[in-house]
Amino acid sequence: MPVMQSKIIHLSVEKPWSHVFDFASDPQNMPHWAAGLAGGLKPDGEDWIADGGPLGEVRVNFAPLNDFGVIDHVVTLPDGMKVYNALRVTPNGSGAEVSFTLLRLPDMTDEDFERDAEMVRVDLETLKSLLETD
């Protein structure tokens, strides 16, 4: 498979990075800020199951909890396709930088890629708003 086009979407959050990581890395909090998981996540062994909306049920496998701010996860779609999602929380002064690396999947149109990028931006803005107002 050739290297896919990517886009890094990021923003700063005015909360300590450990607070941001603790909240963002908890799968039970994700429906509050990640629209694609708004239906909630149910634990299933080492994975989590989510209603992927129009895609149907998806399986999500998260990187183990760590001290480095890594919240990477692999989403397995109903057709078996695995989508790698790199999500990181990095210390940035007294706050944090949250970044998501979006990969352009095969056969994705320019419009689809931009729409996905905008959805990630909105999710990160929602996360920021939740954390900065608590």
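A polar contact is a pair of N or O atoms within 3.5 Å, and within protein one of them must be able to donate a hydrogen and the other to accept it. Keep that in mind for one pair of side chains here. The model is predicted.

Start with the pair itself. The side chains of D47 and N61 are joined by a polar contact of 2.5 Å. D47 lies in strand β3. Its relative accessible area is 15%. Buried means under 20%, so D47 counts as buried. Leaving aside residues up to four places away in sequence, D47 touches K42, R59, V60 and N61.

Now follow N61 into its own strand. Strand β4 covers residues 57-62. In a regular strand the side chains alternate between the two faces of the sheet. β4 shows this alternation. V58, V60 and F62 point to one face and are buried. E57, R59 and N61 point to the other face and are not buried.

Look next at what flanks β4. Strand β3, residues 47-51, runs antiparallel to β4, and four bridges join the two. Within this pairing, W48 stands opposite V60. Strand β5, residues 73-76, is also joined to β4 by four bridges, again antiparallel. Here R59 of β4 stands opposite T76 of β5.

From the strands, turn to the nonpolar interior. The largest nonpolar core has 33 residues. W33, L41, I71 and V98 have the most contacts inside this core. Many elements feed the core: β1 (6-13), α1 (17-24), α2 (30-33), β3, β4, β6 (82-92), β7 and α3 each supply at least two residues. The largest share comes from α3, with six residues.

W33 is a good place to pause. Not counting residues up to four places away in sequence, W33 touches F23, A24, L87, D123, L124, T126, L127 and L130. Helix α3 spans 110-132.

One last stop is the loop between β7 (95-103) and α3, where D107 sits. Most residues other than glycine have a negative phi. D107 is not a glycine, yet its phi is positive, at about 65°. D107 is exposed, because its relative accessible area is 81% and the cut-off for exposed is over 50%. Set the two aspartates side by side: D47 in β3 is buried at 15%, whereas D107 in its loop is exposed at 81%.

Technical notes
Residues are numbered from 1 along each chain as its sequence is written. This is a predicted model: local features need pLDDT of at least 70, side-chain atom pairs count only at pLDDT 80 or more; totals for chains, interfaces and linings use all residues. Side-chain values use heavy atoms; hydrogens and water are left out. Buried means under 20% relative accessible area, exposed over 50%, partly exposed in between (1.4 Å probe, protein chains only). Two strands pair if DSSP finds at least two bridges between them. A nonpolar core is a set of buried Ala, Val, Leu, Ile, Met, Phe, Trp, Tyr and Cys residues joined through side-chain atoms within 4.5 Å. Contact means heavy atoms within 4.5 Å.
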